[in-house]
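Student: I should like to take a close look at one part of this structure and then see how the rest is arranged around it. Could you please guide me through it in a single connected account?

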Amino acid sequence: MSKASQPIISVRGVQKRFLLPHIQRNTLREHLFSFMKKRTYEEYNALRDISFEVERGDFLGIIGRNGCGKSTLLKILAGVYSPDSGEVTVRGRVAPFLELGVGFQGELTARENIYLNGTMLGMSRKDIEERFDEILAFAELERFVDAKLKNFSSGMVVRLAFSIAIRAKSDVLILDEVLAVGDSAFQEKCFGVFERLKEEGTTIILVSHGKDSIERFCNKAILLDHGNIIAQGAPKQVLYAYKEILQEDEREATEKANEERVVENAQVNPGTRWGDGKAVIDAVRLLDGNGKETTLFHTDEPMRIEVSYTAKEPIAEPNFAIAIHRTSDNLYCFDSNTYLNQIKLAPITGAGTWSITFPTLPLLRGGFYMKIGLFSDYCDQTHDFIDQGPEFTVDSPEHLHGTMRFAHTWEINKKTYPELHA
Amino acid sequence: MQSLRHHLEILRTLSLTDFKLRYHGSLLGYIWALLKPLLIFCVLYLVFQFMFGSQVEYYALRLLTGIILWSFFAEATNAGMNSLMQRANIVTKLSVPRWIIPLASIATSALSLLINLGILVLFFMGNGKIPSVGALLYALALLVLLFVIIIGFSLLTSVLLPRFRDLGQIWEVLLNALMYATPVIYPITAIPESYRGWFYLNPLTPFFEHIRLLLIENKYPAMQEVMPLGTIALATLFVGWIVFNTLQRTIAEQL
């Protein structure tokens with residue numbers, strides 16, 4: 001195989017494990033006096049079994065949640081960490097930095113720092129001299145070349161650092177979360193540089209939380225989660241998988257929030273609950289088709305909402321109400337009450353419950369919340385109204401878009417068209 | 001080959017930056033590098049010349065040589081030991097070979113030494129003492145051996161320090177003791193003959209004595225007295241290198 005057709009980076013079966021001692025021993029005394037005790041460790045598998053390849057000229061995006069192993073992977077690629085097992089082969093020079101402006105000294109001038117940082121990034125004195133003006137011009141700091149770095153604004157420092165970094169001679173450039181800094185004009189300029197580097201065939205590895213930059217530049221992406229690659233390939237697909245993980249997170253967060261939510265305590269926030277208190281809602285339970293309490297529901301499957309209340313005074317014409325809204329944009333999805341459904345109710349007093357059942361929930365994927373009310377005389381008297389009620393999440397086996405799932409069938413009849421023309 | 005040149009360039013830049021930063025912002029700037037050992041010399045000379053001045057010839061020259069060598073040794077070992085921790089941002093963010101870092105800090109100390117040696121030359125000339133070329137070369141060779149010991153020591157301790165953080169405190173105390181166990185202030189002849197052997201167990205003693213013998217008395221120490229120093233130097237370097245190479249692989253995680 002010729003050199004050019006070989007991947008510039010191959011990562012095979014890389015694992016990295018950190019042993020986090022339960023008690024850190026950093027001093028001699030700690031080592032001496034506790035060597036009899038067995039050391040106990042928390043094992044943390046930062047990377048489990050990572051394999052991928054990067055071709056020459058690739059613009060690879062690495063994405064994942066915090067703590068997914070991104071930084072560890074980058075450090076291994078850059079040669080700062082060595083893997084516990086597996087191997088990393090790099091055929092070319094990796095710009096050996098993970099952070100912009102490593103070694104910058106506030107006490108030195110911009111000029112001195114360019115030489116210092118440039119050398120660290122692998123440029124010779126001659127290289128730096130040749131590119132000196134270019135570096136300053138790109139950073140827009142010509143006027144401050146002999147000013148001390150400590151007097152620069154953080155934006156100026158980043159501009160200088162970035163400007164040096166992109167001129168480091170290397171076959172692979174690793175950029176970690178650098179796009180988060182700088183004003184939008186400078187960011188645009190950086191994007192311009194990315195385009196240029198991409199055209200020049202520099203291989204770039206970009207780590208970012210920002211989906212936009214990955215979608216815009218990368219031709220490949222990797223999604224890391226808990227130290228595993230769970231998706232790799234075209235950025236669109238990978239980002240979709242990432243979105244799903246994030247939704248999963250959101251769902252878990254909602255569930256947790258629901259567990260912690262006690263309806264009785266909702267009065268703490270008068271803005272989200274009000275009423276005259278003649279009757280109060282005590283609890284709201286969300287049940288699935290098996291009668292199990294949950295906050296995760298599925299499209300076209302049953303959902304049941306059970307509400308218990310206590311009427312402190314007799315209520316002659318009670319009206320039980322419920323509405324469902326989408327969390328992300330407060331979209332008004334559904335609203336019903338016993339009055340509108342023309343259910344004649346006897347007067348209530350004391351404790352009781354009511355429930356509403358959706359045999360086939362028509363909502364598509366998303367997060368929702370409900371409003372629950374207890375009124376009388378239609379809606380003239382509000383006894384208790386919860387404006388921000390329990391949240392729940394809907395999942396769906398299909399990847400349909402929109403809010404509602406309409407029952408539907410498709411019919412495609414190929415024969416029709418030729419006949420039309422005939 | 002090209003990468004070695006680049007590594008040396010990093011070493012040079014790091015040590016020069018360090019040196020620049022050390023005297024940065026002070027009124028007298030680099031003059032402090034000259035002034036500090038001179039002032040220490042003045043204090044010690046005023047105190048001790050009554051004690052030792054009559055015992056040996058050229059006590060002032062001996063004292064200044066001792067102080068300059070000692071401050072180099074103390075400064076270089078301290079800086080070398082702390083180098084990796086101090087430059088943690090480079091260790092954890094860049095994949096430059098790690099040996100550059102302790103070596104750069106030693107190089108910084110060597111720059112101070114170079115300046116101080118300039119003063120020493122002036123003092124020798126003022127006293128009408130001009131050592132022969134042979135003696136100078138011999139002294140230089142001994143200095144190189146001292147360098148090798150310091151490099152070995154720094155490689156070993158810089159990589160151990162993140163694991164045993166109190167090495168720094170221990171070395172500070174040891175340095176203090178070592179200064180009195182080495183003939184820096186006093187001439188070795190001030191020690192009763194029967195105890196002198198103990199002082200020669202400290203490898204710094206022969207270094208200091210041999211260099212003085214060469215520069216002041218223009219006499220050459222016997223080869224069999226220098227050979228053990230060479231052995232010690234190489235052994236230190238060897239141990240330092242092995243330990244450094246083994247532990248540096250995981251050093252980024254320790255910092």
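Tutor: Let us begin with helix H2 of chain A, residues 70-77, in what is a predicted model. Seven of the eight residues of this helix are buried, so H2(A) is largely enclosed by the rest of the structure. The buried residues are Lys70(A), Thr72(A), Leu73(A), Leu74(A), Lys75(A), Ile76(A) and Leu77(A). Just after the helix comes Gly79(A), whose phi is positive, at about 85°.

Chain A also holds several salt bridges that deserve attention. Arg304(A) and Glu306(A) are joined by one through their side chains, with N and O 3.3 Å apart. Arg304(A) has a relative accessibility of 30%, and therefore counts as partly exposed. Another salt bridge links Glu398(A) to Arg405(A), where the closest N and O atoms are 2.7 Å apart. How exposed or buried is each of these two partners? Glu398(A) is partly exposed, because its relative accessibility is 31%. Arg405(A), in contrast, counts as buried, because its relative accessibility is 17% and the cut-off for buried is under 20%.

In chain B, a salt bridge brings together the side chains of Arg22(B) and Glu75(B), at 2.7 Å from N to O. Arg22(B) belongs to helix H1 of chain B and Glu75(B) to helix H3, residues 59-86, so this pair ties together parts that lie 53 residues apart in sequence. Arg22(B) has a relative accessible area of 37% and is therefore partly exposed. Glu75(B) is likewise partly exposed, with a relative accessible area of 25%. Returning to chain A, salt bridges with shared partners connect Arg285(A), Glu293(A), Arg304(A) and Glu306(A) in one network. Over all chains, the whole structure contains 27 salt bridges.

The pair in chain B leads to a residue that touches both partners. Ser112(B) sits in helix H5 of chain B, which spans residues 100-126. Its relative accessibility is 4%, so Ser112(B) counts as buried. When neighbours within four places in sequence are set aside, Ser112(B) is in contact with Phe19(B), Arg22(B), Tyr23(B) and Glu75(B). Thus Arg22(B) and Glu75(B), which form a salt bridge with each other, are both among the contacts of Ser112(B).

Let us now consider chain B as a whole. Chain B has 11 helices and zero strands, and its pattern along the sequence is accordingly α-α-α-α-α-α-α-α-α-α-α. Its C-alpha atoms fill a box of roughly 55 × 45 × 35 Å along the principal axes. What radius of gyration would a compact globule of 255 residues have, and what is found for chain B? The expected radius is near 18 Å, and chain B has 19 Å, which agrees. Of the 255 residues in chain B, 47% are buried. Sequence separation adds to this picture: among contacts in chain B between residues at least 6 apart in sequence, 78% join residues at least 24 apart.

Finally, we may turn to the place where the two chains meet. The size of an interface is often given as the accessible area lost when the parts come together. Here the area buried between chain B and chain A is about 2600 Å², and carbon and sulfur atoms give 59% of this area. Lys93(B), Leu94(B) and Glu253(B) supply 22% of the area that chain B buries against chain A, more than any other three residues. In terms of residues, 28 from chain B and 34 from chain A take part in the contact.

Two salt bridges are counted between chain B and chain A. One of these joins the side chains of Lys16(A) and Glu253(B), at 2.8 Å from N to O. Between the two chains there are also seven residue pairs in polar contact, with both residues at pLDDT 80 or more. On the side of chain B that touches chain A, helices H1 (2-22), H4 (88-93) and H11 (251-254) of chain B each supply at least two residues. H1(B) gives the largest share of that side, nine residues. By residue type, the side of chain B that touches chain A comprises 11 nonpolar, seven polar and 10 charged residues.

How values were computed:
Residues numbered from 1 in each chain as written. Chains lettered and ligands numbered in written order. Predicted model: local features only at pLDDT ≥ 70, side-chain atom pairs only at ≥ 80, totals over all residues. Heavy atoms only, no water. Contact = heavy atoms within 4.5 Å. Buried area = accessible area lost by both parts, 1.4 Å probe. Salt bridge = Lys/Arg side-chain N within 4 Å of Asp/Glu carboxyl O. Polar contact = N/O pair within 3.5 Å; in protein donor to acceptor, adjacent residues only side chain to side chain. Helix = DSSP H or I, 4+ residues; strand = E, 2+ residues; numbered from the N terminus. Nonpolar A, V, L, I, M, F, W, Y, C, P; charged D, E, K, R; others polar. Rg over C-alpha atoms; globule rule 2.2 N^0.38 Å. Buried < 20%, exposed > 50% of the residue type's maximum accessible area, 1.4 Å probe, protein only.
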